[in-house]
Amino acid sequence: MTEIDCVYSDDNTPLEALTSLPLTMDGVQLAGGTLTAFTESYVKREGHLGDLARFLVDWRKKSPTTTVLTSGSTGSPKPIAVEKVRMASSARLTCEFLRLKKGDTALLAMPLRYIAARMMVVRALVWGLDLIVKQPASSPLVSLDKPVHFAPLTAMQVYESLQDHATAKKLKDIRCLLIGGGAVTGPLAHKLADFPNEVWSSYGMTETLSHIALRRINGPTASEWYTTLPGVSVRLSPEGTLAIWAPRVTEGELLTNDIAEIDEAGRFRILGRCDNVVNTGGIKVQLEAVEELLSPVIKFPFCVTSIADQRLGEKLVLLYEGSETAQALEKLCRHVLPRYWVPRAYLQVGSIPLTETGKKARVAARDMATRLSHRH
């Protein structure tokens, strides 16, 4: 068995073997001394390649764990320690499910501080993928000059790539496009529906070492329901939130804050987060549910949040980019939304607060709405 063949071993691969795997990058295999030379050359540099070198140095250490940051969508990012053998197991689950092959090109265009990008490196190591490294950006395909088999991108990166004809074509040419970092709904989902190759939406978090379930966005098997990866099962807690059993990637059952629905086949869909429920005048409103109804009719970035209100306790606020008037948006909302879901304030902003992984930064959005409302 050659060194590269060990990428196909099972979950029993010892830690020593996992941490000494070669990395193929831009068609060149880095192993042993060449991999060491790469890390030594870049480990003290700033930027994406420096981050990659530092992760590889950490991966090759004898320590069974490495540290990653949570996404920060509901607060400040927090560091957590994750097991390298479980990261390798997660990598195999994804590669097997998506039928990736050794030598397939895989795009790395997300910040390496977070689990999504680090799992791309681990997939390249474990499965023998050819890693194509691009600087994280809102439109990372601009400088892409070769075909890509597998590309995980955030919903924001996909949206921005669709705004330009050249990058939109590159996006369509990706054989397997995997979208994370936010819901894929409304106009974005509609634009992706006729893509010729596979387009998937992922569900997961740092604690599950990237995704544990996927759903097709396009093609005859397109669905709003997520299918769990092999060996993963889900149930609802008494509070209606999703509980995940994924022994290959996390120890014990993981209770989430995501309010979910599960069908008879064991598939699930997310209705929102329990910490994104707003009680306005005694009516409980799920922020994601409001955004889902508005996404087909509002064509520019927006976010529904809330601020404190003396009479209602909390009131809904719509933050939006673009040039629409508050009056026009309120009229649209009254036409689309149930009566008690209509926002009470409409605030134009330069940009919607997002995390580095492209999710709506809910705490920052609420703070922004509070500051702007005080000015008004």
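**Notes on salt bridges, rings and a covered helix**

1. Let's start with charges. The count for this structure comes to 16 salt bridges. Keep in mind as you read that this is a predicted model. The idea behind such pairs is simple: side chains of opposite charge can pair when their charged atoms come close.

2. Take Asp-104 and Arg-175, whose side chains meet in a salt bridge at 2.9 Å, N to O. Asp-104 lies in the loop between α4 (84-97) and β5 (105-108), while Arg-175 lies in the loop between α7 (165-173) and β8 (176-180), so the bridge ties together parts that are 71 residues apart in sequence. Is Asp-104 buried or exposed? Asp-104 counts as buried, because its relative accessibility is 5% and the cut-off is under 20%. Its partner Arg-175 is partly exposed, with a relative accessible area of 28%.

3. Next, look at Glu-314 and Arg-366, which form a salt bridge with their closest N and O atoms 3.3 Å apart. Glu-314 sits in strand β19 (residues 313-320) and Arg-366 in helix α11 (residues 362-375), so this pair ties together parts 52 residues apart in sequence. Arg-366 is partly exposed, at 30% relative accessible area.

4. Some bridges share partners: Glu-224, Glu-261 and Arg-269 are joined into one network that way. Within that network, the side chains of Glu-261 and Arg-269 meet at 3.0 Å, N to O. Glu-261 counts as partly exposed at 30% relative accessibility, and Arg-269 is partly exposed too, with 22%.

5. Now the rings. A search of the whole structure turns up 7 aromatic pairs. One of them is Phe-38 with Tyr-42: the ring centres are 5.0 Å apart and the planes meet at 40 degrees, so the pair is tilted. Why are these two separated by about one helical turn? Because they are 4 residues apart in helix α2 (residues 33-42). In general, an α-helix has 3.6 residues a turn, so residues three or four places apart point the same way. Phe-38 is buried, at 10% relative accessible area, whereas Tyr-42 is partly exposed, at 22%.

6. Tyr-203 and Tyr-226 make another tilted pair, with 6.0 Å from centre to centre and 55 degrees between the planes. This one links distant parts of the chain: Tyr-203 is in strand β9 (residues 198-205) and Tyr-226 is in the loop between β10 (210-216) and β11 (227-228), 23 residues apart. Both tyrosines, Tyr-203 and Tyr-226, are buried. Ring pairs also bring in Phe-268, giving a cluster of Tyr-203, Tyr-226 and Phe-268.

7. Charges and rings meet as well. The charged end of Arg-45 sits over the ring of Tyr-42, 4.3 Å from its centre. Likewise, Arg-216 lies over the face of Trp-200, at 5.4 Å from the ring centre.

8. Have a look at helix α5 (residues 115-127). Its 13 residues reach 17 Å from the first C-alpha to the last, close to the 18 Å expected at 1.5 Å a residue. How many of its residues are buried? The answer is 12 of the 13, so α5 is mostly covered. Among the buried ones are Arg-118, Arg-123 and Trp-127. Just after α5, Gly-128 takes a positive phi of about 75 degrees.

9. One last spot is Thr-70, in the loop between β3 (65-69) and β4 (79-83). Thr-70 counts as buried at 14% relative accessibility, and its side chain reaches the backbone nitrogen of Lys-78 at 2.7 Å.

Technical notes. Residues numbered from 1 in each chain as written. Predicted model: local features only at pLDDT ≥ 70, side-chain atom pairs only at ≥ 80, totals over all residues. Heavy atoms only, no water. Phe/Tyr/Trp six-rings, centres within 6.5 Å; stacked < 30°, edge-to-face > 60°. Buried < 20%, exposed > 50% of the residue type's maximum accessible area, 1.4 Å probe, protein only. Lys NZ or Arg CZ within 6 Å of the ring centre and 35° of its normal. Polar contact = N/O pair within 3.5 Å; in protein donor to acceptor, adjacent residues only side chain to side chain. Expected span 1.5 Å × (residues − 1). Salt bridge = Lys/Arg side-chain N within 4 Å of Asp/Glu carboxyl O.
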